[in-house]
Each structure stands twice: as C-alpha cells, then as structure tokens.
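Colleague: Hey, could you walk me through this one? I haven't looked at it before.
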Amino acid sequence: MGTFLFDSIVFGPVKSRRLGISLGVNLLPTNSKVCSFDCIYCECGWTNAVSSGKLPTRQSVRESLEEKLAEMLEDGEDLDVITFAGNGEPTLHPDFAGIINDTIEVRNHFFPDAEIAVLSNSTYLHKPDVVKALLKVDQNILKLDSGIDATFRILNQPKTKVTVEQIVENLKQFKGNLILQTLFLRGTYKGVAIDNTSPEEISRWLELLNEINPKEVMVYTIARDTPAENLERVSVDELRQIAHRVEALGIPVQVTG
Ligand code: SF4
C-alpha cells in the first residue's frame, strides 16, 4: 500500500478515527497534491505544487455537496461531520470563505445536526477572510507539530517563509476558539534524527499551548504509509502521557493512536 490521492470533490462518508462519520470535501485538484507544506508523513504523498489553477469552482463544490447530501438523506444514512481535508491545504482555495458560507447553508438544509470541520496547516491565517471563515465552522482543527523551528522545518517542510513564531501569533488571534492538532512521530529523515516527543520538544510545545490556549487539543500519530521512509509511530501509551500534561494545563485532549 502507498500514499494516495482523493479522486473527487466529495468523498466518503468514511468512519474517521477522530471525527466520527465524516463526509470529506477536497478543494484541491483530484490528480495532484497542492499544499504550502510538504510533511514527511503526509498520507497524500509528496507535494506537487504550492498553488494551482485547477481547483474546483465554488459552484461545483456546492453542487457536489448538495447532490451527495440529498442522496444520503434519501438513503437514511447518518452523518456526524462534513470535513474539509483532501489533497492538500483547503484554506489556499481563493473562494474558501464563500465555500464555507455555502456549506453552512447546504448543511442546514440537509443535515442540520452535522458539524463542519476544517483540517488546516495554519499557514493562511494571515488572511482575515480565512480566519473569519474558520471561526464560523464547528471544528477548526489547526496544525502545530512542533514549537521548535528546526524540527518544524524537517517535519512539515514549509514551502513558504513561515516560521513557528508567526504561526503561533496567528493562532493566538482565535482567542482560544480553535482545536489544535499535533502529529507525533520519530525516526530519521535524510540522515537527521527526528523526534517531536523529546523532553525539550514537549516542554516548548506545552509552553506554546499555554499561550494559544485552544479549546481542545488532538494528539495522534502516523496511521498509514508515509512518503518518507524510516518514520515510526508513537505508542498510544506515550500519546496518553503527553495528553496528561496537556490536561494539567486545563485543556481537554483527544488521543488517537
Ligand atoms: S499540511 Fe496536510 S496536506 Fe499538507 S503536506 Fe502536511 S499533512 Fe499533507
């Protein structure tokens, strides 16, 4: 089994480890991965581009969603959450804010009890329309894999000049109304040892959590094949130990091993 790409705008529903019964929405191309990061663990493989002219239109996203939700309703299917994920970073779509407004309308019409979640790598939070849209959804799940810049550069391989400090400043503007997600792993990449569970890493990460003060934290590890070789999962026991330290700050944590 290798890494994979989603081949449609709307995919699933699938039983998500973290979110329940989830219908995915992919705002990126169906034949390539477009992202501002090139994470060494990304289940979609290596990044092909940072931007692309071939993104689905706002109208086609709305129509695909309406069609699928109408079908699910007719078939009596359950739905917990509509999740923006897919082949890269959803917030880079130029119509992201409009698409979120459409999705709220469509959700309210077909499945008013379902939540809307966005999984984002936190690199477009300098854009006020992106922040405003993320504040409208039920679960804005924003990535921070390390509080140390050198580790961040190896793990996430940012394609732009963003730093941990800038990301943290941007996360603080949510005033706690965000869910922070961190993937823990260890291994080697290009001959360099990497471990974002080391005492130094966890202590800096906890300091930043204290500053960001998210309403929840999600900690998880690798679940599928990764583009880089020599990466290891972190055990559920270790994730729980990390989670206890987050709980000690008064922040609820979800652990997915
Ligand atoms: S931010 Fe997400 S989509 Fe982008 S490279 Fe990392 S894991 Fe993949």
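Modeller: Let's start with a strand pair, bearing in mind that this is a predicted model. Strand 7, residues 186-189, pairs with strand 10 in the antiparallel sense, over 2 bridges.

Colleague: Which residue is the bridge partner of arginine 186 in strand 10?
Modeller: That's glutamate 232.

Colleague: And what order do the strands of that sheet come in?
Modeller: The order is 8-7-10, so to speak a 3-strand open sheet with antiparallel pairing. Strand 8 (192-195) and strand 10 (231-232) are the edge strands, each pairing on one side only.

Colleague: Okay, valine 192 then. Where does it lie?
Modeller: Valine 192 is in strand 8.

Colleague: Is valine 192 buried or exposed?
Modeller: Exposed, because valine 192 has 10 C-beta neighbours inside 10 Å, and the cut-off for exposed is 12 or fewer.

Colleague: How far apart are valine 192 and lysine 161?
Modeller: In sequence they are 31 residues apart. In space, going C-alpha to C-alpha, the separation of valine 192 and lysine 161 is 21 Å.

Colleague: Switching to helices. Which residues of helix 4 are buried?
Modeller: Helix 4 runs over residues 149-156, and its buried residues are Thr151, Phe152, Ile154, Leu155 and Asn156.

Colleague: What do they pack against?
Modeller: Two helices and two strands: helix 5 (164-172), helix 6 (199-212), strand 7 and strand 8. So to link back, strand 7 is also the one that pairs with strand 10.

Colleague: What follows helix 4?
Modeller: Glutamine 157, with a positive phi near 40°.

Colleague: New topic, the ligand. Which residues are around it?
Modeller: Four cysteines are listed, Cys35, Cys39, Cys42 and Cys44, together with Phe37, Asp38, Thr47, Gly88, Glu89 and Asn121.

Colleague: How does that shell split by class?
Modeller: You get 5 nonpolar, 3 polar and 2 charged residues around the ligand.

Colleague: Let's zoom out. How many helices and strands does the chain have?
Modeller: There are 7 helices and 11 strands.

Colleague: Why does the chain count as being as compact as a globular protein of that length?
Modeller: Because its radius of gyration is 18 Å, close to the 18 Å that the globule rule gives for 257 residues. Along the principal axes, the C-alpha trace spans about 50 × 35 × 35 Å.

Colleague: What share of the residues is buried?
Modeller: 44% of the 257 residues count as buried.

Colleague: And what about contacts between residues at least 6 apart in sequence?
Modeller: Of those contacts, 73% join residues at least 24 apart.

Terms used. Residues numbered from 1 in each chain as written. Predicted model: local features only at pLDDT ≥ 70, side-chain atom pairs only at ≥ 80, totals over all residues. Near = placed C-beta within 6 Å. Nonpolar A, V, L, I, M, F, W, Y, C, P; charged D, E, K, R; others polar. Pairing = 2+ DSSP bridges. Helix = DSSP H or I, 4+ residues; strand = E, 2+ residues; numbered from the N terminus. Buried ≥ 20, exposed ≤ 12 C-beta atoms within 10 Å, placed from the backbone. Rg over C-alpha atoms; globule rule 2.2 N^0.38 Å. Contact = placed C-beta atoms within 7 Å.
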